[in-house]
Amino acid sequence: MTLSEVKNKLTTLDKIAFELPNGELVPSHFHVTEVGKITKHFIDCGGTVRHEEVANFQLWNANDYDHRLHPEKLLNIIELSEKVLELGDLEIEVEYQGATIGKYGLEFDGEHFLLATKQTDCLAKDNCGIPQEKPKMKLSEIQKPTASSCSPNSGCC
């Protein structure tokens with residue numbers, strides 16, 4: 001999700017809920033402790049220089065049970081961050097404390113913001129000799145042998 005998509009969703013909600021990939025909800029007394037811009041400038045394993053930027057939300061499960069983050073408050077935090085940090089309409093990455101700090105993508109299911117798992121990947125498969133995935137075919141789509149092809153008792157093998 002991008003910042004504009006989150007802002008749009010926040011205007012329709014009465015309360016904010018984030019759901020972890022295992023289906024558990026982040027406790028409702030969470031705080032968004034940071035909204036920021038993360039810039040990553042790197043070289044992939046094939047030697048290509050790359051530059052990525054994401055907007056970052058850091059969720060913190062506090063022991064502060066008396067305060068709840070309401071949609072309009074988060075919207076105000078995002079809008080201030082956009083101005084001060086010149087964020088632009090970036091994709092959002094969410095940090096949340098589990099056994100260690102986890103990084104998640106963000107989706108929305110109509111009710112909850114979903115923390116979506118992220119995966120590492122080789123960005124230079126062609127330079128690293130990593131074969132592309134073979135296309136998966138259904139057996140029903142494979143053509144029957146023609147008269148010119150070998151069959152088990154034809155003597156051609």
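Which exposed residues does the face of α2 turned away from its buried side carry? In this predicted model, that face carries Leu-80, Lys-83 and Val-84, and the sections below place the helix within the rest of the chain.

## Overall composition

The secondary structure of the protein comprises three helices and six strands, and from the N terminus on these elements follow the order α-β-β-β-α-β-β-β-α. Of the 157 residues of the protein, 31% count as buried, while the accessible surface comes to about 11,200 Å², with 50% of that surface belonging to carbon and sulfur atoms.

Among the contacts in the protein with a separation of 6 or more, 65% are accounted for by residues 24 or more positions apart.

## The β2-β3 hairpin

Strand β2, which covers residues 30-43, and strand β3, which covers residues 49-61, run antiparallel and are joined by 13 bridges. Within this pairing, His-41 stands opposite His-51, the latter being in β3. Five residues lie between the two strands of the hairpin, in which Gly-47 adopts a positive phi near 90°.

## From β3 to β4

Strand β3 also pairs with strand β4 (residues 92-97), here in the parallel sense and over five bridges; Leu-59 stands opposite Tyr-96, which belongs to β4. Between β3 and β4 the chain passes through helix α2 (residues 71-85), and the β-α-β crossover formed in this way is right-handed.

## Helix α2 and its two faces

Helix α2 has 15 residues, which at 1.5 Å a residue should span 21 Å, and the C-alpha atoms at its ends are indeed 21 Å apart, so the expected and modelled values agree. The buried residues of this helix are Pro-71, Leu-74, Leu-75, Ile-78 and Ser-81, where buried stands for a relative accessible area under 20%. Because the buried residues of α2 fall within an arc of 125° when seen down the helix axis, they line one face of the helix.

Against which elements does this buried set pack? The buried residues of α2 pack against helix α1 (3-10) and against strands β2 and β3, and it is β2 and β3 that form the antiparallel pair described above. On the face turned away from the buried side, by contrast, Leu-80, Lys-83 and Val-84 are exposed. Just after α2, Glu-86 takes a positive phi of about 50°.

How values were computed. Residues are numbered from 1 along each chain as its sequence is written. This is a predicted model: local features need pLDDT of at least 70, side-chain atom pairs count only at pLDDT 80 or more; totals for chains, interfaces and linings use all residues. Side-chain values use heavy atoms; hydrogens and water are left out. Two strands pair if DSSP finds at least two bridges between them. Helices (H or I, at least four residues) and strands (E, at least two) are DSSP runs, numbered from the N terminus. A crossover is right-handed if, with the strands pointing away from the viewer, the path from the first strand over the helix to the second runs clockwise. The expected span of a helix is 1.5 Å times one less than its number of residues. Buried means under 20% relative accessible area, exposed over 50%, partly exposed in between (1.4 Å probe, protein chains only). The arc is that of the directions from the helix axis to the C-beta atoms. Contact means heavy atoms within 4.5 Å. Accessible areas come from the Shrake-Rupley method with a 1.4 Å probe; for residues, only the protein chains shown count as cover.
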